[in-house]
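Please open the structure in your viewer and keep a selection panel at hand, since this tour moves from one selection to the next. Where a stop begins with a question, try to answer it on screen before reading on.

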Amino acid sequence: MSRQQSINSSQTAASATAQSPLSRSFKATGEDVWKRTEKINAELFTLTYGAIVSQLCTDYGRDFTKINEQLFQMGYSIGVRLIEDFLARTALPRCQDMQETSEALSKCAFKVFLNITPRVTNWSSTKDTFSLIIDENPLSDFVELPMDAMEQLWYSNVLCGVLKGALEMVQLDCDVFFVSDILRGDQQTELRVKLNKVLKDEIPIGED
Amino acid sequence: MNGYTVGENGTNSGMTEQHQFQLFEESLRKVNKLVFQMLINEIIPLSMSVERKLEKSNDEEVSSNMSKLDVNEDSNTTNLLKDIVPSNQLIHDLLDTKDEDKYNKVIDRVRNIGFQVGNKLSELLIFTNNPNLQFKDMDILLIMKFVCRDVWKQLYGKQIDNLKTNHRGTFYLFDYDYPPIREFCIEENALKKELKLVEPFLEFPVGIIKGVLASLGYPPEQVICLATFVDRPNNDIPDTSFAKGISFHIQITTQNNQ
């Protein structure tokens with residue numbers, strides 16, 4: 001790949017080279033920040049999200065396409081703001097490619113915010129698309145969907161929106177979508193991230 | 001009106017239980033508090049967004065049938081953002097709404113989500129063997145203390161600062177530093193308008209309170225709960241914090257329950 005992908009515009013330009021030490025440092029950073037984070041009971045988080053989805057089901061009369069879209073948009077609004085906090089807390093250097101981005105997402109972002117570390121897998125041959133396998137999902141713990149919702153609802157779609165919004169803020173135009181979900185009776189919960197293009201590196205707000 | 005200190009715990013003999021409970025609490029799975037806070041704050045613009053979309057789809061219904069053709073491209077997620085309105089815009093739109101009916105619908109939606117959370121949250125708290133919990137005869141004062149202490153702690157990491165009651169079904173709960181709005185910047189000169197802007201954010205905890213009460217035998221039609229801004233009694237809270245405290249005025253309207 002010739003073009004550099006930037007996930008972070010911090011001035012500490014990446015001196016990291018080899019993949020494995022960096023990967024280890026993602027893990028260490030994630031765990032370290034998590035330790036110092038103010039936390040709340042995951043079950044409270046689960047039931048709050050559940051209340052939101054259930055309200056949307058009432059409002060949209062179980063039109064799950066609309067619910068998926070609304071959840072995605074909600075996530076996007078959160079993601080574009082959450083990224084600031086993420087960059088401030090982790091002080092991560094720029095990611096050089098999507099492989100680093102995937103590690104930063106899994107080992108840092110998911111760790112710091114949801115205390116989970118999804119597996120990164122299913123790379124495309126072009127190395128611009130990958131999957132995150134979410135084994136424990138704090139959004140959907142103990143959730144069971146009724147039949148009609150099982151076929152159409154992406155219950156945790158807010159996550160896709162969050163990633164979409166956050167990645168966009170670091171100049172990565174990506175598609176983010178679920179391809180399977182345990183709640184739908186699938187084997188695993190798989191979230192796909194596909195890089196469309198690296199946006200032009202604009203001067204980030206607040207930096208001269 | 002009698003004032004109550006909310007924070008006091010039971011007797012000394014409860015200490016081991018208390019300690020065990022604390023250990024249990026710490027062993028539970030956790031997520032980042034910030035994410036939770038962003039989620040609950042997003043409920044307000046979300047509720048407005050839903051209202052706008054429902055309105056729009058009502059308008060379109062007459063001349064629809066054509067729009068059903070849109071291809072369902074799962075992988076093109078940019079499509080999902082085509083009609084997105086930024087959250088701060090939605091909050092301003094809500095404030096500027098002239099249509100009272102529309103405003104109320106949005107507020108009801110926020111309250112309703114709070115209600116559901118409160119309802120399930122008290123279940124969650126009661127089934128954890130918390131030694132602080134003892135509802136003798138479903139005494140309303142004990143329930144209020146439960147709200148002030150346990151419910152608030154779980155949701156916001158702090159307790160209600162002050163509880164007052166006349167012992168005839170009227171309660172005032174004061175939170176002088178309500179965490180979800182703590183970081184909202186309010187300019188002193190635009191205070192009135194900006195406070196209006198923040199008002200919808202008080203409806204989520206209103207829903208919570210009504211939800212908790214409903215789960216403990218006080219159905220929503222017997223409970224009035226209103227939130228208003230109040231001045232803080234003292235100024236020991238940093239300037240960077242939101243300028244006002246909140247008062248939750250709760251009125252139990254049934255005669256039979258004390």
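Start with the pairing of strands in chain B, bearing in mind that everything shown here belongs to a predicted model. Select strand β4 (residues 170–175) of chain B together with β6(B): six bridges join these two strands, which run antiparallel. Within that pairing, B:Y172 has B:H249 of β6(B) as its bridge partner. Now add strand β5 (residues 223–230) of chain B, which pairs with β6(B) over eight bridges, again in the antiparallel sense, and look for B:T228, whose bridge partner in β6(B) is B:S247.

Keep strand β6 (residues 245–252) of chain B selected and show its side chains. Which residues of β6(B) form its covered face, and which its uncovered one? The covered face is made of B:I246, B:F248, B:I250 and B:I252, whereas B:G245, B:S247, B:H249 and B:Q251 make up the uncovered face. The two bridge partners named above, B:H249 and B:S247, thus belong to the uncovered face.

Next, widen the view to the whole of chain B, which contains seven helices and six strands. Read from the N terminus, its elements follow the order β-α-β-α-α-α-α-β-β-α-α-β-β. Of the 258 residues in chain B, 34% are buried, and among the contacts in the chain with a separation of 6 or more, 69% are between residues 24 or more positions apart.

For the interior, select B:V147, B:V151 and B:I209, which have the most contacts inside the largest nonpolar core, a set of 113 residues. In soluble globular proteins, nonpolar side chains tend to be buried together. Centring on B:V147 and setting aside its neighbours within four places in sequence, you will find it in contact with B:W152, B:I209 and B:V212.

Turn now to the contact between the chains, to which chain A gives 40 residues and chain B gives 39 residues. On the side of chain A that touches chain B, the elements giving two or more residues are β1 (39–41), α2, α3 (64–90), α4 (98–114), α6 (157–169) and β4 (172–180) of chain A. The largest share of that side, 13 residues, comes from α2(A). Coloured by class, the side of chain A that touches chain B shows 21 nonpolar, nine polar and 10 charged residues.

At this contact, select β1(A) and strand β2 (residues 30–32) of chain B, which pair in the antiparallel sense over three bridges; A:K39 stands opposite B:N32 in β2(B).

Then isolate helix α2 (residues 42–59) of chain A and place a distance between its end C-alpha atoms. Why is 26 Å the span to expect? At 1.5 Å a residue, taken over one less than the number of residues, the 18 residues of α2(A) should span 26 Å, and the end C-alpha atoms are indeed 26 Å apart, so the two agree. This helix is mostly covered, with 15 of its 18 residues buried, and it is followed by A:G61, which has a positive phi, near 50°.

Finish by colouring chain B by pLDDT, which averages 84, with 80% of the residues scoring at least 70. Among its elements, helix α7 (residues 203–215) has the highest mean, 97, and strand β1 (residues 2–4) the lowest, 58. Over residues 7–11 of chain B the pLDDT stays under 50, and the model has four contacts beyond four places in sequence for them. Residues 66–74 of chain B are also below 50, with three contacts beyond near neighbours in sequence. The model as a whole scores ipTM 0.87 and pTM 0.87.

Notes:
Residues numbered from 1 in each chain as written. Chains lettered and ligands numbered in written order. Helix = DSSP H or I, 4+ residues; strand = E, 2+ residues; numbered from the N terminus. Buried ≥ 20, exposed ≤ 12 C-beta atoms within 10 Å, placed from the backbone. Pairing = 2+ DSSP bridges. Contact = placed C-beta atoms within 7 Å. Nonpolar A, V, L, I, M, F, W, Y, C, P; charged D, E, K, R; others polar. Core = buried A, V, L, I, M, F, W, Y, C linked by C-beta atoms within 7 Å. pLDDT = per-residue confidence, 0-100.
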